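Me: I am new to this structure and would like to go through it slowly, with the reasoning laid out. Could you look at it with me?

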Amino acid sequence: MLNKAGSSFIVNRFEEHNEELIAVRQDSLLKRLLRIHLGPPEATDDQSSQIPGSRLVPALFTAYRDLNALRYDFPVMLLETDVERMAVPLSHLIDELIRVQTPTAAEDEYYRRDLYQLEAAIKALVNEGRQQRLSTLWDVAAKRCLAAATDAARREVLRSNLGSARRALRDDGLVTECDGQIARRLFAHAWQLIESEQGQHARETLDDLSAELTVIIDADRMRSARATSADALRTAMGGEHAGGIDFERLSSVVRSNQHQSPLTTSRRKRLRGVLKILEAERRRIDPGGGNGKSSRRGQRVLTTADSCVEAFELLDAELQRMVELFRAVRIAQLEVENRYDEARHNAFFAAFDQEQLTPEELSGLPPLFVYLDGEALDAENKATLVEILSSELPIKLLLELHNTPDAVPATIGLAAFGGWGTSLGSMATVLPTAFVMQAPASHLPRLASEVMAGLRYQGPALYCIYTGPVAEAESMPRYLHCASAAESRAFPCFVQHPGRGTDWAQRFTLSDNPQPELAWPIHHLSYEDGDGRAMIDDIAFTVADFLAMDPRFAGQYAPVAPEAWHPNMVPLGDYLALDPIDTFNKVPYLWMINGNDTLQRVIVRRGLVAAARHCAKLWRSLQELAGIDNSHALRALEVERERLEAEKQGAVEQVTTTEHTDGSGVAPAAAPQAILGSAEPVSEDAGAHEVATAPGPEQAYIETELCTSCNDCTDRNSMMFGYDELKQAYIKDVRAGTFRELVEAAENCPVCIIHPGKPLNPDEPDLAELMQRAAAFN
Amino acid sequence: MFDPIKTLSPSVPDIDDDAYSMDDFEGVNARWCHACGNNAILTAVQKLCAEEQLAPEKTVFVSGIGCSSRLPHYMGTYGFHALHGRALPIAEGIKIRRPDLHVFVNTGDGDCCSIGAGHWIHAMRYNMNMTVLLHDNQIYGLTKKQISPTSPRGLVSSTSPRGAYLEPLNPLAATLGMSNISFVANAVDWLPSVLYEIIHQAFHHRGLSFVRIVQRCPRYLPHQFDEYMKDPERILLLTHAQGLHVQDAVARRFKHCMEHDPSDLDRARELATNQERLPVGILYRNPGVLCYEDVRTSVEHLTAADKVKALEREFDKFTVQPTS
C-alpha cells in the first residue's frame with residue numbers, strides 16, 4: 001500500500017493519468033519499488049535497500065578507484081619565479097620534459113616510461129606526507145627508482161634518462177597534494193607573487209622620485225653660500241692644487257655666475273619633508289636597502305586578518321598611512337616637474353584626504369588578505385563580509401567551505417549542500433564591483449590565472465573554495481571528492497570579473513565546468529551485459545552520484561536486485577528531465593557497482609531527488625547568467641521570429657490581393673528593387689555638387705590634402721604660398737605674386753597639385769604663353 | 001570652472017598645460033633638396049607627434065647616415081645621429097634602458113639594407129617597441145648618386161657607369177621573410193594622408209613597426225617613380241578593418257583597392273613581390289609577438305647617485321694625469 005504522501009500525489013493526477021494509475025495498482029512489483037522511492041529512509045524494513053557503505057560506488061567512479069594509478073592535476077608544484085604559471089601539475093611538468101627532450105626513436109619509449117616511473121615515485125613520496133621542493137623529491141624518488149631496478153644495463157639507461165631530464169628541469173618549487181590546506185597554501189603563494197610584482201613597481205616609482213628630489217636639494221646646496229665659500233672650494237679641489245689657485249677669487253667668480261636663485265625656505269622644507277616620507281616608505285618596502293640580491297626585493301609586508309571586522313580596522317589604519325604617502329608622491333611629482341605653485345597647491349594639499357585618492361592610487365594599498373572559515377563566521381562577520389563586497393576596497397577574501405556534518409542536515413535539507421557559503425557565491429555575483437570566484441580546491445591549479453586576476457583586481461574579491469571535509473575521509477580521496485562536487489553541479493565553478501566589461505557576457509563565465517551547456521554532464525558507461533556483449537550507455541553524473549559516497553546520505557539509496565528491475569525504472573538523469581507530473585509511475589535509479597565489479601541499480605529516494613532538482617535550478621540560473629539558453633534572449637528571438645512570420649504572411653496576402661485586383665500577374669516585389677537600383681543617379685548628383693563647390697578653372701587653388709610639404713612653392717614666394725596648421729600648402733594671397741610665379745610653381749610641384757587658374761593682371765607680360773603653360777594644370 | 005582636485009589628480013590631465021602643436025616639434029630648418037620626398041615624411045612624423053601629444057622630452061629619433069638620417073636634426077625632440085648602419089642597435093639600447101621613451105628610427109636604403117643589414121635582421125627579431133621608417137629612394141643621395149641595394153637593375157650611377165648589374169633587394173619581401181616580425185607596411189611619400197595613417201598605425205602597434213616608404217629623390221632620380229605617381233592604376237591600395245583605413249575620397253582615386261587581412265602572412269609575401277603594382281598599406285601585423293624589452297628588462301634600477309658613480313667609472317678610464 002502506498003503511504004499517505006505518495007497516494008495523495010497520485011490521486012491528484014488521477015483524472016489525467018487514469019490508465020497509468022490502474023496499471024500501477026495492478027503491478028505489485030512497481031508498487032513495491034515506488035514505495036521504496038517515495039518513502040522516507042526509515043520507512044522500509046527491506047534490508048537490501050540499505051546502501052552498504054563504501055562497497056557500493058556510482059558506476060562512473062569505477063575508473064577513479066585508484067587515483068595513484070592516474071595522472072591528474074595533483075600533486076602540483078608552486079613555482080616561485082613565474083607569475084603566470086604559479087601552480088603547475090606535476091604531470092604537466094613531466095609531459096613538458098618528455099616533449100622538450102628529443103631522444104632517438106629507439107630510446108624514446110624507455111625515456112617516457114622512466115619519467116612516468118619517476119612521477120609515480122614522487123607522487124608516492126607526497127602521499128607519504130612529504131611537502132618538499134621538487135628538486136629534493138626528485139633526487140629521493142630517483143634513488144628509489146634506481147634501487148628498484150634489478151637489471152644492471154637497464155639501471156644505467158634509467159640513470160642516464162633521469163639525469164638528462166633533471167638537467168632539463170628549469171623550474172623548482174614546493175610540491176603539494178590536494179589536502180585540507182591546499183587553498184590557503186596556494187593563495188598565500190599567489191599573493192606573494194603578486195606582491196613581489198606590485199611591490200617592485202612601487203619601489204621603482206619611489207626610487208625615481210627620491211632620486212629626482214635629491215638632485216633638486218643637492219643642486220640647491222651646491223648653490224648655497226656655504227658650498228661656494230673659499231674653504232669649501234679648496235676642500236673640493238684637493239690639496240694638490242691648493243697653492244696655485246686663489247680660492248677667494250674663485251668663490252666670487254662662482255657666485256657671480258649663478259643665474260638661478262636658491263630655493264625658498266618653504267620649498268626647501270617641503271622637499272625635505274616629502275623626501276623623508278618617500279625614504280621611509282622605501283625602507284618599509286625593502287628593509288634590505290635594495291641591493292638587488294634578494295629574490296624578495298620590492299615585496300611589501302603581507303597583511304592578513306582572520307575576520308572581516310579585523311580586516312576593516314587594519315585597512316583603515318593603512319589607508320591613513322597611504323593618504324600621507326600619496327600626498328607626498330603627488331607633491332614630489334609636481335616638484336620634479338617644477339609645477340608646484342604655492343598659491344594654488346598649498347590649500348589643496350592641506351586638505352588632502354582619502355576622498356582624493358584615485359582608483360589607481362587605491363590599488364597601491366598594501367595587501368589585505370582575509371582567511372575565513374565559511375562555517376565558523378558569526379553574524380557580525382557575515383554582515384561585514386557583505387559590506388566589504390559592496391565596497392570598492394581592495395580586500396581579498398578566501399572563504400573555505402567544508403560541508404561539515406553540522407552544517408548540512410543529512411535528511412531532506414540536502415538542498416542546503418555546502419551551507420551558507422554556496423549561496424553566498426551566487427548572491428555576490430549581483431554586486432557590480434566584486435570579483436567572485438567559486439570553485440572546489442581540486443580545480444585551483446587550472447584556475448590559477450583567475451586566482452591571479454582576482455588578486456590583481458583593484459576592488460574586493462571573494463573566493464568561495466570548497467575544500468571538502470575537514471578530516472581526511474577514508475571513503476574517497478579529497479581530490480576526487482572536490483572534483484566530483486563540481487562535476488555533479490553541487491558546487492559549480494564560476495568566475496565573475498567586473499574588470500572584464502560591463503555586461504554579463506564579458507564578466508561572467510561558467511566555462512570551467514564540464515559540459516556547461518547541459519543540465520548534467522553526460523559520460524559513456526561501458527560494460528558487459530549478462531550475455532557477455534559489450535554495451536555502452538550515456539549516463540548523467542548528478543548530485544546523487546556525488547552524495548552516494550558520503551555515509552551521511554546512505555539512507556537515501558536503495559539497491560534493487562536484478563530480478564526486481566522494472567521497465568518503469570528510469571535513470572536519474574532522464575527522470576530529472578521529465579515534467580514532475582509525468583513521473584508519478586516512474587522510479588529513478590542510479591547505476592552503481594559493487595565489490596565484485598557488478599552493475600547494480602540503486603533507487604534514489606524522494607528527498608534526494610528534491611535536492612537534485614534544487615541543485616538543477618541553481619545551475620540553471622547560473623547558465624542564464626552565462627548566456628546559455630538565456631530566457632530573455634530566447635524570448636526576444638521568439639518575438640522577432642513571430643514578427644518576421646507576420647510580415648511575411650502580410651506580404652504574401654498583399655501579393656495575392658494585388659493579383660486578384662489588377663490581374664496583371666507582374667510581381668509587385670520588383671518595384672522596391674527598381675527604386676534601390678536608382679542609387680546611381682543620386683550618387684551622380686552628389687558628384688555634381690562636389691564639382692560645383694570646388695574652385696573652377698578660373699580660380700587658382702592647391703589640393704592641400706595632397707601636399708607633401710616639400711617647401712618648393714613656399715620657398716618660391718612665401719607671401720603667395722603658405723602652410724596651414726598641418727604644414728600643407730595653400731594659396732595664402734594670390735595677389736602677392738605674379739601669374740608667372742604661379743605657373744612656375746605649378747610646373748615644379750612634384751605632385752602636381754597647384755592649379756594656376758586665370759591671370760588676375762591682364763597687363764602682365766607674356767600672358768599668352770603663360771596661359772598656355774597653365775592650361776596643363778587647370 | 002577650475003577644479004583643483006581633478007586638475008591635480010594623476011589620472012586627469014592638467015587643464016593648465018598647453019597642448020603641443022606641430023611647431024613644437026620643429027627643429028632646425030630642413031636642408032634637403034627642393035621637392036625632396038623626405039619633407040613629406042618629416043611633416044607626417046611632426047603631425048603624429050602633435051596629434052598624439054608626445055612630450056618632446058620623452059621622444060627620440062635615431063638615425064644612421066644618409067639624407068634620411070638628417071631627420072632628427074629637424075625634429076624638436078631628442079635625437080641621435082648615429083654611425084652608418086647603426087641606427088637600429090642604438091635605438092635598441094635606448095629602448096632597453098628607457099622603455100618609457102617613444103623611439104623612432106629613420107634609416108635609408110643604404111643605411112639599413114647595406115651596411116646595417118645585419119642589425120636590420122636582428123632588430124626585427126628582437127621586436128622592440130619602436131617605429132622604424134625606411135626612407136627608400138633607391139640611391140645614395142648624400143654622396144651624390146651611387147647605387148644602393150634597392151637600386152633597379154641597369155641604373156647608371158657614378159659607381160655603375162654601365163648600369164647596375166644586380167637585381168634590387170626588395171626590403172618588404174626581405175623583412176617578411178625574417179623571424180619574429182610583427183608589423184610590416186609600405187607607403188609612398190606622395191600620398192600624405194595615406195602615409196600619415198600608416199605611420200599612425202605603426203606607432204600604435206606594440207612591437208617593432210617596420211614601414212618602408214618609397215621616397216622620391218628629385219635631384220638624382222627625378223623620374224624614378226613617375227610610373228606610380230602619374231598612373232594611380234599602378235598602385236594597389238590595401239585596406240582592412242584591422243589594417244589601413246582611408247577616407248572614401250582617397251580610396252576613389254585608386255582603381256585598384258583591395259581588402260587585405262594583415263594577419264595573413266602568406267598573402268602579405270605574395271603582395272610584397274607583386275611586380276605589376278606597388279602595394280600601399282599594412283601588409284602584416286601580429287600583435288601577439290612578444291617584445292624583447294618585456295622579457296629582458298634592465299635588472300638594476302639606478303638612482304642618481306648610482307648613475308654618477310657609473311659615469312665616473314667610465315670617465316676614469318680616460319683620465320689624463322698631469323705630468324710633473
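Me: In chain A, where is confidence lowest, and where is it highest?
Reply: This is a predicted model, in which local features need pLDDT of at least 70, side-chain atom pairs count only at pLDDT 80 or more, and totals for chains, interfaces and linings use all residues. Residues are numbered from 1 along each chain as its sequence is written, chains are lettered from A and ligands numbered from 1 in the order in which they are written, and side-chain values use heavy atoms, without hydrogens and water. By pLDDT, the predictor's confidence in each residue from 0 to 100, and with helices (H or I, at least four residues) and strands (E, at least two) taken as DSSP runs numbered from the N terminus, the lowest mean, 34, belongs to helix α24 (residues 670–676) of chain A, and the highest, 94, to strand β20 (residues 729–731) of chain A.

Me: How many contacts beyond four places in sequence does the model have for residues 664–693 of chain A?
Reply: Over this stretch of chain A, residues 664–693, pLDDT stays under 50. Counting contacts as heavy atoms within 4.5 Å, the number beyond four places in sequence is two.

Me: Which strands stand at the edges of the open sheet in chain B?
Reply: Strands pair if DSSP finds at least two bridges between them, and the nine strands run in the order β2-β1-β3-β4-β8-β7-β11-β9-β10 (chain B), with mixed pairing. Each edge strand has a single partner, so one side of each is left without a neighbour in the sheet; these are β2 (78–81) and β10 (257–259) of chain B.

Me: Which residue stands opposite F61(B)?
Reply: Strands β1 (residues 59–63) and β3 (residues 102–108) of chain B run parallel and are joined by five bridges. Opposite F61(B), in β3(B), stands F104(B).
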